[in-house]
Amino acid sequence: VQLQASGGGLAQAGGSLRLSCAASGSFRSIGDMRWYRQTPGKQRELVAGITSGGSINYADSVKGRFTISRDNAKNTVYLQMSGLKPEDTAVYYCYADISPLYSGSHYPYWGQGTLVTVSS
């Protein structure tokens, strides 16, 4: 099972970027899917999360600017980022609880990070 993130890059303040993260491989199901971000010297922080049932939560710092969504048919989670600020600059990581074929339990999987840089 792999999570492959894409969509990072450079944006100007006030601009938009869309991140995607697709799960591939063989597995039973995907539970929660989340986006985290991390800057040098700081702990990784939760940006947004979405459950398999569609319940959503956001960090206060991104509420009203970022939108998380998922396409269960494509095993993909998205993060639409608008109104970007320089302080949004970070490496963004996707996360998913995935149940492998051999188990009914869900286990944590991380995608590789994708760098988002917002210039002022």
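The radius of gyration of the protein chain, taken over C-alpha atoms, is 14 Å in this predicted model, and this agrees with the value near 14 Å that a compact globule of 120 residues would have by the rule of 2.2 Å times the number of residues to the power 0.38. Along the principal axes, the C-alpha atoms fill a box of roughly 50 × 25 × 25 Å. Residues are numbered from 1 along each chain as its sequence is written, and side-chain values use heavy atoms, with hydrogens and water left out. Because the model is predicted, local features need pLDDT of at least 70 and side-chain atom pairs count only at pLDDT 80 or more, whereas totals for chains, interfaces and linings use all residues.

The protein chain contains 11 strands (DSSP runs of E, at least two residues, numbered from the N terminus) and 0 helices (H or I, at least four residues).

Buried residues, those under 20% relative accessible area with a 1.4 Å probe and protein chains only, make up 40% of the 120 residues. In soluble globular proteins, nonpolar side chains tend to be buried together. The largest nonpolar core (buried Ala, Val, Leu, Ile, Met, Phe, Trp, Tyr and Cys residues joined through side-chain atoms within 4.5 Å) has 29 residues, of which Trp35, Val47, Phe66, Leu79, Met81 and Tyr92 touch the most other members. Among the elements that give two or more residues to this core are β4 (27-38) and β9 (90-100), and β9 gives the most, with 5 residues. Leaving aside residues up to four places away in sequence, Val47 touches, by heavy atoms within 4.5 Å, residues including Trp35, Phe66, Leu79 and Tyr92.

Note on methods
Buried < 20%, exposed > 50% of the residue type's maximum accessible area, 1.4 Å probe, protein only.
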